[in-house]
Amino acid sequence: NTGALWGARFADGPSAELAALSRSTHFDWQLAPYDIAGSRAHARALQTAGYLTADELERMRAGLDRLEASFLDGVLQPADSDEDVHGALERLLIADVGPELGGKLRAGRSRNDQIATLGRMHMLDHGRRIGRMVIDLVDAISQQASEHEGAIMPGRTHLQHAQPVLLAHHLLAHAWPLVRDLERLRDWAARAGVSPYGAGALAGSSLGLDPTAIAHELGFDRPADNSIDATAARDAVAEFAFVLAQIGIDVSRLAEEVILWNTKEFGFVRLHDAFSTGSSIMPQKKNPDIAELARGKSGRLIGNLTGLLATLKGLPLAYNRDLQEDKEPVFDSVATLEVLLPAFTGMIATLTFDTDRMAELAPQGFSLATDVAEWLVRQGVPFRDAHEVSGALVRYCEERGIDLDDPTDDEYAAVSAHLTPEVRAVLTIEGSVASRRGVGGTAPERVAEQLAALTRSVREI
Ligand code: ARG
C-alpha cells in the first residue's frame, strides 16, 4: 500500500474494486495547484507553531514549488495507485524532499478541510473568469443596442405582436439579467471567501496552528467559525452551481430568440459565417448551432445543480464520502460556460439586424391599439370605454383587412364619436415608442439613460 494516506490499521490493502470506485484523480487532479498552495500555507503555519525549522520550511516550500512547476509543464501526473490528488501530491513531495521532511506536512490537517478549501479556491478563481466572460457578453449586447439606437421592432407577449419597442430596449432586457448574475457572483464570492483550512477532519486542530494566517495566504477573508460546518457544508458549491445555471438560462433565453429571429419567417437577423454552421446534406443551410448549444447546455447546467442538491439532501454531519460527488458537477458547469460564453458572445457581437424588416412588422397585428386607447384617455375618455372603442376599431379594420390608420375620418366617427382625425398622430411606431417615456419605458431618451445606467452597473461590480 505504498504511498497511501492510510493503511496501518488494516491487515490487507484495498481490493482492486474498492480502489477503482474510490479513485478521484481523474477529476480532482485539476485541484493540484490549489492543493500545493494550501500545503505551502500550511507548512508556514507548522513552522510558526514550531513543528518545522526555518530550514525545513524552506526545503519544503522549494519542493512544493518544484511540484507546481512540473504540474504547470504538464509533466506531473498521478499514478494509478493514487486515491486522490492529496495522496498523489504527498507521495510526489516525499519522492522529492525525502520521507523525513515530507512526512511532516500532514500534521494538523485532514483531506476533509483540504478538499473543502481547494474546492472554494477553484470556484472563486473560475467564478472570476466566468464573470469576465459575462461582462464581455453584456458588452456585446450593449454594443449592438447602441449601434441600433432608433430601430423599432415588434414587442411581443405570448409570442404575439403586442406593442412596438426599440430593438435596443429589447436587447438590454437580455443584458440586465446578466448584470444581476454578475452581482450574484460577487455576493456569492463574499460568502464563499471563508477558509475551511484548520478545521481538520471535523473538530479542529490541537497543534496550535493559525488558521487565519493560512486563510489570508490563500486569499480568503477569514477562517470558518465552526470546524464541523467548515468540513461538512457544501451550500457554497450549490449556490455557485445555481448562479452558473442561472447564467446558462439567461443565455438560453436570448439564444432562443436568436434562433427564432434567424428563421425565414422572422428574418430579423443574419448570422456571421464564422459563428454559424452548415448542413452535411443541404447545401443552402446556415444553422444557429451556437444558440442551440447554448439552449441545450442550459439543461445540463440545471442537471448539475439538481444532482448536487440531491447529493446534499439528508447528509448527516460531518464529512461523508458522498461529498466527493460535489466536484464533477461543478467542474462540468465551469467547463461548459467557459467554452460556451466566448462562442455565444462572438455570435451576438457579429449579428446583423434587418431593421427594415423589423420596422415593417412592428405596426402589424394592430400593435398600436393600446396607443389609440391611451390617446383616448388623454382626451378625457375613461379607460374602460377607451379600451372598448379601440377594440371596436380593431374589429372594424380586421374585418376589412386594413390597418388602424386606414379608415377615413367618417369611418372613424362611425366607430366612435371619440375617434377624431387627430388620433392618426399616435398611429406611427415612432410616435408610439416616443410616447412611452416613463421610467424604464421604451422611449429613445429613456433607453439612452438605461444604457448608461447599465454600463455604470457593470463598471461598479
Ligand atoms: N476525495 C475526497 C473528496 O473529494 C476527499 C478525501 C476525504 N476522504 C476521506 N476519506 N475523508 O471529498
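Biologist: Why is Leu159 called exposed in this predicted model?

Modeller: A residue is exposed if 12 or fewer other C-beta atoms lie within 10 Å of its own, buried if 20 or more do, and partly exposed in between, with C-beta atoms placed from the backbone. Leu159 has 7 C-beta neighbours inside 10 Å, so Leu159 counts as exposed. This is a predicted model, in which local features need pLDDT of at least 70 and side-chain atom pairs count only at pLDDT 80 or more, while totals for chains, interfaces and linings use all residues. Residues are numbered from 1 along each chain as its sequence is written.

Biologist: Where is Leu159, and what is notable about its phi?

Modeller: Leu159 sits in the loop between strand 1 and strand 2; helices (H or I, at least four residues) and strands (E, at least two) are DSSP runs, numbered from the N terminus. Phi of Leu159 is near 65°, a positive value in a residue other than glycine. Most residues other than glycine have a negative phi, and most peptide bonds are trans.

Biologist: What makes His158 buried or exposed?

Modeller: His158 has 6 other C-beta atoms within 10 Å, so it is exposed. His158 lies in the loop between strand 1 (152-157) and strand 2 (160-166), and its phi is positive too, near 55°.

Biologist: How do you know whether Ala255 is buried or exposed?

Modeller: Ala255 has 26 C-beta neighbours inside 10 Å, and therefore counts as buried. Ala255 belongs to helix 11 (residues 235-261).

Biologist: Which residues is Ala255 in contact with, leaving aside its neighbours within four places in sequence?

Modeller: They are Ala291, Ala294 and Arg295. Two residues are in contact if their C-beta atoms, placed from the backbone, lie within 7 Å. The C-alpha atoms of Ala255 and Gly296 are separated by 9.9 Å, and these two residues are 41 residues apart along the chain.

Biologist: Why does the span of helix 12 agree with what is expected?

Modeller: The expected span of a helix is 1.5 Å times one less than its number of residues. The 24 residues of helix 12 (residues 289-312) should span 34 Å, and its end C-alpha atoms are 35 Å apart, which agrees. Buried residues of helix 12 include Ala291, Ala294, Arg295 and Leu301. The buried residues of this helix pack against helix 11 and helix 13 (327-349).

Biologist: What follows helix 12, and which peptide bond is cis?

Modeller: Gly314 follows helix 12, with a positive phi near 80°. The bond from Leu317 to Ala318 is cis, with omega near 0°. Ala318 is found in the loop between helix 12 and helix 13.

Biologist: Why does the shell around the ligand lie between two domains?

Modeller: Domain 1 (16-107) and domain 2 (112-209 + 222-360) both give residues to the shell, so it lies between them. Domain bounds come from an automatic or database domain assignment. A residue is near a molecule or strand if its C-beta atom, placed from the backbone, lies within 6 Å of it. Among the residues around the ligand are Ser24, Asp84, Arg111 and Lys327. Helix 7 (residues 111-147) gives the most to the shell, with 3 residues.

Biologist: How confident is the predictor in the protein chain?

Modeller: pLDDT is the predictor's confidence in each residue, from 0 to 100. The protein chain averages a pLDDT of 96, and 99% of the residues score at least 70. The model scores ipTM 0.94 and pTM 0.95.
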